[in-house]
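Me: I'm new to this structure and would like a close look at a single part of it. Could you take me through the open sheet and whatever packs around it, and then place that part within the whole chain?

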Amino acid sequence: MTTTRPASTAAEDPRSAHVASGDAAATVDHLLLGPPEHGVTRHGAALAGARRTSMLDVGTGAHDLAAYLAGDAGPVHVHLTDALLGADHRAIEAGVRAIEGAARPVHVTLHDIPQPAEGQARYERRAALYARIVAAAASVQVCSEAERAMLGDVVAAPAGDADSAARGFGDADVAGVGVVTLPVDARPSATAAGDAVLALGDDAPVGVLGFVHPGKDPQLALDVAAALGRDLVLLGAVVEGHEDFVDDLRRAANARGIELRVLGHLSEDEMDAAIATIAVPLAAYRHISASGSIGRWIAAGRRPITLATPWVTELSTTAPGSVTVVEPRTDASESGDRDGVVDAFVDAARAALSDPMVTVTNPSHPGLLTTPDAARRQSELLAAHLTPLGGVG
């Protein structure tokens, strides 16, 4: 990607021009880390592009990021999840060290906040990395109030951990973390979503949107689809390294008398066309803190069925009617009773099949940010933190 900078005369430095005009956040270089099709990378590019600010494509891993952070050329901002730093712990560790040792102030928006449901060992490993990033960053943003609360748990100092205490970790630190909710930009197809749904045949499939990997629990969606006797369509590409998992999933579908189809990478128009063929839009995963995939359903005018989580509750409160919230029995949700969760999804899916219009929603909801709205909010938060603070707060 080429670097995009605000226009200036030969005698002017664009940074000084924008500081003079009061747009201090325009002095920040927005680093795009990772493959362009990755949801986090695309999100970062969209927000920077909406403000016509500097964007620098830094490559796909920690080594590339480190090279850009080594020079003292002013503040940078990067949308980040640990997976974008590398495919293994060594690469991710190198990326975190690059942020800690950066000569430039590094502002971050953190995604995929660690949570205990990942498993204790994985959670502790990832939480330690995120806590170090928070301590090193000039400022931190997340994509939901639920994520900010989760980040508070991540940075809380373990009892007796003098090193963590010295760095100031604790719940109070996340008060300075900014929240910019994920934008939803209505697609042209949204106006015809109702007509498309009503025209679907009795064999229209169940659909799950987004990259395909075990963390999104497509097995749960398969269980729902099989209970309905409907095929399952995965609207997205398989994450590298999980091909065998999808092969197993396809065999399991065949054994239960339904077909599993994986559509792979789709353009925006192709995604709209695929969404229009889905009878039951599912976001059937239990551990999410903010979801661009759910937003993409809404953008196309569809109301996905999803499980009650702190973030889903936040979304449904901010934008009522944007999602159908499944609330299984308390004991099923807390105990991990898969059958209880599946049954709750199946009940909601059957209701959608009997009244297809319950899967249709208005993406232009006043409680949802558009990309320009989110970009403006991101810029405001960055501007408030451009004086180096030695960490969040």
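Reply: What follows starts with the sheet, moves to the helices on it, and then turns to other parts of the chain.

Keep in mind that this is a predicted model. To get your bearings, the chain has 393 residues, and 50% of them count as buried. Its secondary structure comes to 17 helices and 12 strands.

Now for the sheet itself. It's an open one with six strands, and if you walk across it you meet them in the order β9-β8-β7-β10-β11-β12, with parallel pairing. At the edges sit β9 (260-262) and β12 (324-326), each of which pairs on one side only. Neighbouring strands aren't quite lined up: on average they're turned by 25° against each other, ignoring direction.

Let's zoom in on one pair. Strand β11 (residues 305-307) and β12 run parallel and are joined by three bridges. A good residue to click on here is Thr306, which belongs to β11. Its bridge partner in β12 is Val325. Is Thr306 buried or exposed? Thr306 has a relative accessible area of 0%, so it counts as buried. Leaving out its neighbours within four places in sequence, you'll find Thr306 in contact with Ala283, Ile288, Ile294, Val312, Val323, Thr324, Val325, Val326 and Phe345. You can also look from Thr306 to Leu282: the two are 24 residues apart in sequence, while their C-alpha atoms are 6.3 Å apart in space.

Next, the helices on this sheet. Helix α10 (residues 218-228) lies across β7 (206-209), β8 (232-235) and β10 (280-283), and runs at about 145° to β8. Helix α11 (residues 243-255) packs on the sheet too, touching β8 and β9, and its direction makes about 150° with that of β9.

Stay with α10 for a moment. Nine of its 11 residues are buried, so this helix is largely enclosed by the rest of the structure. The buried ones are Pro218, Leu220, Ala221, Leu222, Asp223, Val224, Ala225, Ala226 and Leu228. What do they pack against? Their partners are β7, β8, α11, β10 and α16 (338-354). Just after α10 comes Gly229, with a positive phi near 70°.

Here's a bit of background: nonpolar side chains in soluble globular proteins tend to be buried together. In this model, the largest nonpolar core has 37 residues, and Leu110, Leu151 and Val154 have the most contacts inside it. Helix α6 gives the most to this core, with seven residues. A second, separate core has 33 residues, among them Ala204, Leu220, Leu282 and Val342. Two of those names should ring a bell: Leu220 is one of the buried residues of α10, and Leu282 is the residue 6.3 Å from Thr306, C-alpha to C-alpha.

For a look at the other core, go to α6 (residues 120-136) and α7 (residues 145-155), whose axes come within 8 Å and cross at roughly 95°. The two helices are therefore roughly perpendicular to each other. On the α6 side, the contact is made by Tyr123, Ala127, Tyr130, Ala131 and Val134, and α7 brings Leu151, Asp153, Val154 and Val155. Eight of these contact residues are nonpolar, none is polar and one is charged. Not counting residues up to four places away in sequence, Val154 touches Ile113, Pro114, Tyr123, Ala127, Tyr130 and Ala131.

One more strand is worth a visit: β1 (residues 29-33). Five of its five residues are buried, so β1 is largely enclosed by the rest of the structure. Both faces are covered, with Asp29, Leu31 and Leu33 buried on one side and His30 and Leu32 on the other. Strand β1 runs parallel to β2 (residues 55-59), with four bridges between them, and also parallel to β3 (residues 76-80), with three bridges. Leu31 stands opposite Leu56 in β2 and opposite Val78 in β3.

Finally, step back to the whole chain. Among contacts with a separation of 6 or more, 75% are between residues 24 or more positions apart. Another example of a pair far apart in sequence is Ser379 and Val28: they are 351 residues apart along the chain, with 9.2 Å between their C-alpha atoms. Ser379 sits in helix α17 (residues 371-383), and at 12% relative accessibility it counts as buried.

Key. Residues numbered from 1 in each chain as written. Predicted model: local features only at pLDDT ≥ 70, side-chain atom pairs only at ≥ 80, totals over all residues. Heavy atoms only, no water. Axes fitted to C-alpha atoms, helices over the stretch in contact; angles between N-to-C directions. Parallel < 35°, antiparallel > 145°, perpendicular 65-115°, else oblique. Contact = heavy atoms within 4.5 Å. Nonpolar A, V, L, I, M, F, W, Y, C, P; charged D, E, K, R; others polar. Pairing = 2+ DSSP bridges. Core = buried A, V, L, I, M, F, W, Y, C linked by side-chain atoms within 4.5 Å. Buried < 20%, exposed > 50% of the residue type's maximum accessible area, 1.4 Å probe, protein only.
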